[in-house]
Amino acid sequence: MGMALKIRTILLERNMTIKSLAEELGMSGNNMSNKLARDNFSEKELHDIAKVLGCSYDGVFTYLDSGKKI
């Protein structure tokens with residue numbers, strides 16, 4: 001599941017619109033819609049989105065053989 005789908009899912013669960021999320025982040029609704037369509041977010045944007053949505057975001061790489069997280 002891509003980040004855009006995860007964000008859209010949380011928006012539905014929180015009864016929020018793309019426009020309201022965008023406004024909270026200080027961007028236009030069109031810009032957020034474009035980012036969601038491209039599924040193109042920076043690490044900082046994901047942290048900011050998580051904060052607005054009342055979530056945490058933990059971007060990690062996990063070794064499949066050892067379970068070590070980076």
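This section describes the overall fold of a predicted model and then its helix H1.

The chain is helical in its secondary structure, with four helices and zero strands. Read along the sequence, the pattern is α-α-α-α. The C-alpha trace spans about 40 × 20 × 20 Å along its principal axes. Contacts were examined at a sequence separation of 6 or more. Of these, 46% join residues 24 or more positions apart.

Burial and surface were computed for the whole chain. Of its 70 residues, 20% count as buried. The exposed area comes to about 5100 Å². Carbon and sulfur atoms supply 53% of that area. Charged side chains number 10 positive and 9 negative. The centres of these two sets lie 1 Å apart.

Helix H1 covers residues 3–13. Within H1, Ala-4, Ile-7 and Leu-11 are buried, that is, under 20% relative accessible area. Seen down the helix axis, the buried residues of H1 fall within an arc of 65°, so they line one face of the helix. Leu-12 and Glu-13 lie on the other side of H1 and are exposed.

The buried residues of H1 have three helical partners. They pack against helix H2 (18–25), helix H3 (29–38) and helix H4 (43–53). After H1 comes Asn-15, with a positive phi near 55°.

How values were computed
Residues numbered from 1 in each chain as written. Predicted model: local features only at pLDDT ≥ 70, side-chain atom pairs only at ≥ 80, totals over all residues. Heavy atoms only, no water. Helix = DSSP H or I, 4+ residues; strand = E, 2+ residues; numbered from the N terminus. Buried < 20%, exposed > 50% of the residue type's maximum accessible area, 1.4 Å probe, protein only. Contact = heavy atoms within 4.5 Å. Areas by Shrake-Rupley, 256 points an atom, 1.4 Å probe, with all protein chains shown as cover. Lys, Arg positive; Asp, Glu negative; His and termini not counted. Charge placed at Lys NZ, Arg CZ, Asp CG, Glu CD. Arc of directions from axis to C-beta.
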